[in-house]
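This report describes how strands are ordered into sheets and how helices are placed against them or against each other. The sequence and the structure are shown first.

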Amino acid sequence: MSQTIQIKNQNFTLHPLGGLFWEEKSLLLISDVHLGKVNHFRKFGAAVPRKAIHQNFVLLDRIVADFQPFQICFLGDLFHSSLNKEWELFENWVAKTPAEIILVTGNHDIIAPEKFEKLDVKIFPELIMDHFLLTHHPEEREGFFTFCGHIHPAVKLKGLGRQQLRIPCFFKSEHQMVLPAFGEFTGTHTLKPSKTDEVFAIVEDMVVKV
Amino acid sequence: MFHIAESWFQQQSWKPFPFQKQTWTAFLEGKHGLLNAPTGSGKTYALWFPIVLNYIHNHPDYQTKHKKGLKAVWITPLRALSQEIKQSAERITQDLGTQMTVGIRTGDTSTKERSKQRTAMPDLLITTPESLHLLLSSKGYAKLFKDCTAIVVDEWHELLGTKRGVQMELGLSRLKTVCKNLRIWGISATIGNLEQAREVLLGPTSKELENSVLIKAEINKKITVKSIIPEEMETFPWRGHLGLHLLEDVIPIINNSKTTLLFTNTRSQCEIWFQKILEQHPEYAGELAMHHGSINKETRLWVEQAIRNESLRAVVCTSSLDLGVDFAPVETVIQIGGPKGVARFLQRAGRSGHRPGKESVIYFLPTHAMELIEASAMQKAVRHHAVEDRIPYLNSFDVLLQYLTTLAVSDGFYPDEIYEEVKQTFCYQALSEAQWQWLLNFLVMGSQSLKSYDEYKKVEVEDDGKFIVNSRAVAMRHRFQIGTIVGDATIHVRYQKGGYIGSIEEYFISKLSPGDVFTFAGRNLEFIRIKGMSAHVVNSTKRTNKVPSWMGGRLSFSAKMSELLREELYTAELPQNEQSPEIQSLAPMFTKQREESMVPQPHQFLIETFKTSDGYHHIFYPFEGRAIHEGMSSLLAYRISLLTPITCSLAFNDCGFELLSDKKIDIQAILDNDLFTPEYMLSDLQKSLNSNEMARRKFRDIAVISGMVFTGYPEKGVKMKHLQSSSELLFDVFKDFEDDNLLYQQAYTETFEHQLEEGRLRLALERIAQQEIVWKQCKNPTPFSFPIITDRLREKLSNEKLADRIKRMTAKLTR
C-alpha cells in the first residue's frame, strides 16, 4: 500500500519498496541501489550469499511493474564499486526494461560514463525538472524542492512499555525529500526529525506517515 | 634426574610439594596430563623443571653445547602474565647451567623481535593461543616445531568453554602430527568438570588421553568470607549496581590491612569507585590506584609493580587482576556486587594471603538489598566448594574455517590429512563428512556451487588437491584477523599533545560532542575531536558524571549457585536464630515484601502484577539465574502471543523476569493454558522472535571469526572501509537467502546451547510444573521486583502487525 502526497501542486506516490513516483511526469525515482556490492565483497573473500544479487533485480522489476513509468531516474550510488560481473546482469535488466533510464551520479558511482552511454543510460551530476532538483547528496537550493538519497534514512519510534523500533523511511523536510536506500544488503542511518519534518516510514508492505 | 631439581629447591630453602614431584615423574615418563593447581602454588616450577630436565637428559653435554631450536611452548591466555612466567623459566635454565634461551611472542612483541625469532627460535617460547596460530600461518612452520617436546597450556580453565579453547584444540591437533615427540600438559584451577577438561585438552579418543594423568595439588587454603551488612537496612536501596552507599564501610577495611584489592564487575563501576573514594578521602591520593583492561599497558604494569612494592594502600580493579601475577602483599580483597560465580569468587579471594599457609579474607559488598541473599548463598558455596562447570563448545564452524584458512595461508593443506586430525578433537568429534565438504566448498567457492558471474576468491585448490591461498592480500588480511575474541570497535584515547591513555568503545565516543568532559582512567578529560582511530583529549578540571560504559557480557548464575540462592531465600521464613546474619538483616525488606506480596517457599512459584507509569508489569520469580530467565521470558512471551496479539519488553536478572506491556496480560489464561509446560520447548523457543535477536548477536562474532566480515587493519580504519559491512546486514541477508548456511545455523545453536542453556531451562520448567503457582496482584512495585523493573537493558518481543504497533507509537515519535 503506497501513500500519495502533493508537493508544489504535483503528485508523488511513495512506494513501500523505497521508490517514489512522480505522476505528472511518469518518472520513477530510486536511490542507493548499490548494485555490485555483493560481488565486491565476495571478490575480497567475504562470502555474502549470492542470491542477494538477484533480489535487487527482482525488486526493481516489481516496482517498475507497479508504475510502468516513462522514465526511471536513479539518484546516485547505483553501483557500489568498480566494474564487476554484476554489470552484465544490469545490462540485461536495462535491455528488457521498457523505460528511459537516467543516472544522477553519487559518491559510489565510479564506473566510466561511457559504459552507461553504451546502454543508452544518460548520466548527470544533477538534474533540474521544473521546480525540482534531483541530486544524490542532500542540498537545499533557493526556489527548488530537492529529491535526494545518500543518507539511507531511518527513524526510531518509541512506545509505551519501553518499546523501540528502527525502520527505514522517506524523510521530508520543508524543501527536501530524502529517499530510503532501495538496495538489499545496505544499511540505514537513523535521523531525528524536527517539528517541521515529515516522516513516511516503510512498514513491511505499507508506507505509513508517522 | 630428580636430584638436580631437589638440590635446586634446597638451595632456595624450599621443599617441593608432592604435586610438583608427581608432575615431574609423570612428565619424565613421557605422560601427558592435566595439573589442577591454583595460582601462586608453584605450578610453573611443576612443569618448567621436567622440561629442562628432559633436555638435560637428552643432551648430557648441555653445559658446554647448545642445541638450538624450539623445545617447548608455554601457552598463557593473558599476555600480561608472560613476563612472570619467563622469569621463573630463566631462573631454572640459568641456575642449572644450561644455555637454554627463553622468549616471549605475543601481540606486544615488536616486529623486529619477531623476525629475529623466526630465524632463531628461543628454546622455550611463551605465547598466547592467537600467536600460536599466527606461527601456524607462517611458511615452513612444521620445521620450527619439529623438535618441540612439550606444550603447556596454562590457565586451561579460562580457555575451556570459550572459542579460544577451540582454537587451542585445533592448534594441538596439528602439533601432535608436526612434533615428533610431544607431551601435552594443561594447568587448571578447580572447576566442576576437571575430567572433561583433560579430555578436551588431549582429545576424547586419542592415545594421548590414554597415556595421561590428572594431578591435583590439594592445597587446602582457608578462605573467610565476610559480608558487609548495612547498618540501617531501612535506607539501604532496593536496586542499583554501584554500591556507593557502603563506601564508608570500606574505609576501615582498607586502613586495617597492608594492601586491599577492590574488585568491581565492570570497568565503569571501577572508574566511579576510584573517583568517589578519592573525592571523599583525598588523603588516599597517591596510595590508591585503578586497574582495568582498557587502561594503557604501562600504567597497568606500574600498578602491578606498585602492589608488589607495597607502595599502594588499595587498588580498584576488574577481572583484569583475576589471573596470574603473584601479589604477596595483598592482605584483603573486597568484592563489590555479586561476582556471579563461585569459581570467580574463590579466585578473587585467593588473591589475598597469597603465601602458603596464610588465610584468604574476602569481603562481599552488596550493591542492593537482594544481593545480601546472594552474599549469604556465596558463603555456603565457598564452604562446599560448589564450583561451576565450564562447558566446552561443539562444532564451532567459524573457528574451523579460520583455522583452515590459516593452514592454507602458510604451506597449504591436504583435506584428508587435516580431517583426520580435526576429528580427533573434542569440539569436532561429531563433524560429519558432509559438513566437512560444505566447509571446503565454502572456503573455495564461497557457496556450495559454482556460478559463472561469481568472483569469489579466497582459497584455491591446486592440481594435486592441496588447498592454498595464493593471494598475498588475502593472506595479509587473514593474519590480521586471527583470533576469536571479537570486541566492539575501540578508539584510542590520547592527549592532544601525545600520550596514550587507553581505549574506549567507539559507541561511547560517538555520543560525545567536543567540549564534553568524561571520566576515564581516573582523570577528567575534555573531548576535543576524533582523528583517525584516536580521540584527542585534554585534562579538565570540570566535574562530570559521564563515565564510559563498556558492553561487557552480563554474567549469569550457574545451576548450583541458583539452587543455593533459592535455599537461602527460603530461610526467610525460619526463626531468626536459624538464619544467617545477612538474611536477618534483610528482615525489614522481607516485611515490606510480605505487605505487598509474599516471600515464596520451596513449593511455591510467585507471580506479581502491578501497574506503573511505564505500563503493566508482570513479574515471575523462578530464581534460576539470568540466562535461564532470558530464555524463559522469551518462551513465555511467545506462548502468550499465541493466545492474544501482544507487544512487550522483557527484563531479567538472577531472581526473575518481567514482561512489561502497554496492555494487561491475562495471568489466569497463562495458568489455564499451562504455558510453563516443558513440552515443545525447543520449537517454541526457535519461533520466538527473541531467539532471532540473540542469534543475530551471536552471528556478529561468528562472521568475524570465520572471516566473512573484515574488521580492518588496526589504526587504518578508514582505508579498508569499503570492505567493512556490518554483520547485522549480513545476518539478514543470510536469513532471506541462505538459511541453510552452517554459520548462520551455528548462531542459533550457540544461542540455545550456550546462552539459553536449553538443558537447564527444561529442568527449570519441570521444577515449576511441580510447584503451586501464587499470583499476587499488587498495588505498588515490591522489593523483589525493584531491581528488575528498573533494568533499562531490555529485549523486545511482538507478534502484533507492525503497522498496528506503529499507529500506537506514532504519538510518541521522538522529536
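In which order do the 7 strands of the open sheet in chain A follow one another? In this predicted model, the order is β1-β2-β3-β4-β5-β6-β7, and the pairing is mixed. The edges of this sheet are formed by β1 (3-7) and β7 (122-124) of chain A, each of which pairs on one side only. From one strand to the next, the twist averages 25°. Within the sheet, strand β5 (residues 71-74) of chain A runs parallel to strand β6 (residues 100-104) of chain A, and 4 bridges join the two. As one residue-level instance, I72(A) has I101(A) in β6(A) as its bridge partner.

Chain B contributes an open sheet of 6 strands, whose order is β8-β13-β12-β9-β11-β10 and whose pairing is parallel. Its edge strands, each pairing on one side only, are β8 (223-227) and β10 (288-291) of chain B. Here the twist averages 20° from one strand to the next. At one edge, β10(B) is joined by 4 bridges to strand β11 (residues 314-317) of chain B, with the two strands running parallel; in this arrangement, L288(B) stands opposite A314(B) in β11(B).

Two helices of chain B lie across strands of that chain, and the table sets out the strands that each one covers together with its angle to one of them.

| Helix of chain B | Strands of chain B it lies across | Angle to one strand |
|---|---|---|
| α12 (residues 247-255) | β9 (259-263), β11, β12 (330-336), β13 (360-365) | about 165° to β12(B) |
| α14 (residues 297-308) | β9, β10, β11, β12 | about 130° to β10(B) |

Thus β9, β11 and β12 of chain B appear in both rows, whereas β13 is listed for α12 and β10 for α14.

Chain B also has a helix-to-helix contact to consider. At what angle do α2(B) and α3(B) pack, and how far apart are their axes? Helix α2 (residues 18-28) and helix α3 (residues 43-58) of chain B pack at an angle of about 35°, with their axes 9 Å apart, and the crossing of α2(B) and α3(B) is right-handed. On the α2(B) side, the contact is made by F19(B), Q20(B), T23(B), W24(B), F27(B) and L28(B), which meet Y45(B), A46(B), L47(B), F49(B), P50(B), L53(B) and N54(B) in α3(B). Sorted by class, the residues in this contact of α2(B) with α3(B) comprise 10 nonpolar and 3 polar ones, with no charged residues.

Conventions. Residues are numbered from 1 along each chain as its sequence is written. Chains are lettered from A and ligands numbered from 1 in the order in which they are written. This is a predicted model: local features need pLDDT of at least 70, side-chain atom pairs count only at pLDDT 80 or more; totals for chains, interfaces and linings use all residues. Two strands pair if DSSP finds at least two bridges between them. Axes are lines fitted to C-alpha atoms, for helices over the stretch in contact, and angles run from 0 to 180 degrees between N-to-C directions. Two residues are in contact if their C-beta atoms, placed from the backbone, lie within 7 Å. A crossing is left-handed if the near helix is turned anticlockwise from the far one by less than a right angle, and right-handed if clockwise. Ala, Val, Leu, Ile, Met, Phe, Trp, Tyr, Cys and Pro count as nonpolar, Asp, Glu, Lys and Arg as charged, and the others, Gly among them, as polar.
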